[in-house]
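Please open the model in a viewer and keep the sequence panel visible. The tour below proceeds by selection, with a note on what each one shows.

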Amino acid sequence: MASVKLDKVNKVFGSTHIIKDVDLAIGDGEFVVFVGPSGCGKSTLLRLIAGLESISDGELSIGNTVVNDLPPRERGVGMVFQSYALYPHMTVYENMAFGLKLAKASQETVHERVMATARILQLEELLERKPKALSGGQRQRVAMGRAMAREPRILLFDEPLSNLDASLRVQMRNEIARLHQRLESTMIYVTHDQVEAMTLADKIVVLNGGRIEQVGSPHELYQRPATRFVAGFIGSPTMNFMPAKLLEADASGCRVSASGMAQLDLPQNAVGQAKGAGLTIGVRPEHLRLTEAQGGVNSFEIVNVEYLGNEVYVYLDPKEGDTLLIQRSEAPTHWSVGQRVALAPDPAHVHLFDGEGRALPVKTVSAVA
């Protein structure tokens, strides 16, 4: 196991700046997930750690060693790719042993490590099969086993579940989580799927445009997003956003207005924002309450109702913009398409973002001695 530290790391391809001044510390034994939209730089960042790409500027350390100029085989990392990349003419045993043989490990060491890894991944009965005789999940476990058999200090995963169907992804997520608990090794995992990030990570790194937007636990990112981008990316269904204006702000909080809703008194610190400033209200679907509309001005029309068994999603015309608002509640529901409703967000769970998309902090009350 080993820690990883990135200090002002940059990556430039020609005139394109892909990774921009990334500072990040990954602790020994942590499970860290890089998440973000396509093109945000998450896979490039993983390849920089692996040594598959060179760093343009900055410093990368694994353990206490700066590894900028070390080749991949000397960094003590193992990598599992999106494609299984198994040799079709080799058995499971031979695929798992291949890297060890290249490293000129003794026959006894090769056998011992392959068998130990096969036991951990429950591949013992499949060692004589070739990849064509395996399911997708079994092939991915073999790819993981090939990396693990070398006993790397760090395991790197580059979207390893993208080629699997939905039910198999759930199964493999659980297997990877159990593997981390068993090995207690440092793992870095890249995905565009925020559900994978939320269910697997000790710490999530949200990337956007080559920069880190926020680093934190799944709970921190969901409950206290630092930017509108993070708020909209983490959570399914996504957070609702509504344009608002600042009416007043003082030491206790602020008052805002939003189209179609009553004025809201919020605990956010908006001191320093100009009166009338444009803000954005963010509310997660489970924190929106619907009531019968008393008039046509402050109301929203229901345009769709989705029944999902244990819960219901109610979609509302947003009045401004083209993204529907979503309310989530337990089933059953008495709401139907065409009804007009009023929105009552829970003020304790309303997020407020400034014109730059930064979250305004919640006021804290100091204890009185």
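Begin by selecting Asp23 and Lys8 in this predicted model. The two side chains form a salt bridge, their closest N and O atoms being 2.7 Å apart. Asp23 belongs to strand β2 (residues 16-26) and Lys8 to strand β1 (residues 4-13), so the pair ties together parts that are 15 residues apart in sequence. A search of the whole structure finds nine salt bridges.

Remain on Lys8 and inspect the backbone. Lys8, in strand β1, has a positive phi of about 50° although it is not a glycine. Most residues other than glycine have a negative phi.

Next, colour the chain by domain. Domain 1 covers 4-231 and domain 2 covers 237-353. The C-alpha centres of domain 1 and domain 2 lie 39 Å apart. The contact draws seven residues from domain 1 and eight residues from domain 2.

Now select residues 4-234, where UniProt, in an unreviewed entry, places the feature "domain: ABC transporter". This span is 37% helix and 26% strand, and its end C-alpha atoms lie 25 Å apart.

Turn then to the interface between the domains. About 710 Å² is buried between domain 1 and domain 2, with carbon and sulfur atoms giving 53% of that area. Which three residues of domain 1 should be displayed here as supplying 77% of the area that it buries against domain 2? Select Tyr222, Arg228 and Ala231, which supply more of that area than any other three residues.

What polar links cross this interface? The count of salt bridges between domain 1 and domain 2 is zero, whereas three residue pairs are in polar contact across the interface. On the side of domain 1 that touches domain 2, α7 (218-223) and α8 (228-233) each supply at least two residues. Helix α7 gives the most to that side, with three residues. By residue class, the side of domain 1 that touches domain 2 divides into four nonpolar, two polar and one charged.

From α8, follow the chain into the loop that leads to β11 (240-250), where Pro237 lies. The peptide bond from Ser236 to Pro237 is cis, with omega near 0°.

For the last selection, move to the loop between β18 (325-330) and β19 (340-345), which contains Pro332. A cis peptide bond joins Ala331 and Pro332, with omega about 0°. Most peptide bonds are trans.

Terms used:
Residues are numbered from 1 along each chain as its sequence is written. This is a predicted model: local features need pLDDT of at least 70, side-chain atom pairs count only at pLDDT 80 or more; totals for chains, interfaces and linings use all residues. Side-chain values use heavy atoms; hydrogens and water are left out. Domain bounds come from an automatic or database domain assignment. Contact means heavy atoms within 4.5 Å. Buried area is the accessible area (1.4 Å probe) that two parts lose on being put together, summed over both. A salt bridge is a side-chain nitrogen of Lys or Arg within 4 Å of a carboxyl oxygen of Asp or Glu. A polar contact is a pair of N or O atoms within 3.5 Å; within protein, one must be able to donate a hydrogen and the other to accept it, and residues adjacent in sequence count only if both atoms are side-chain atoms. Helices (H or I, at least four residues) and strands (E, at least two) are DSSP runs, numbered from the N terminus. Ala, Val, Leu, Ile, Met, Phe, Trp, Tyr, Cys and Pro count as nonpolar, Asp, Glu, Lys and Arg as charged, and the others, Gly among them, as polar. UniProt positions are given in the numbering used here, feature names are shortened, and annotations may be inferred rather than shown by experiment.
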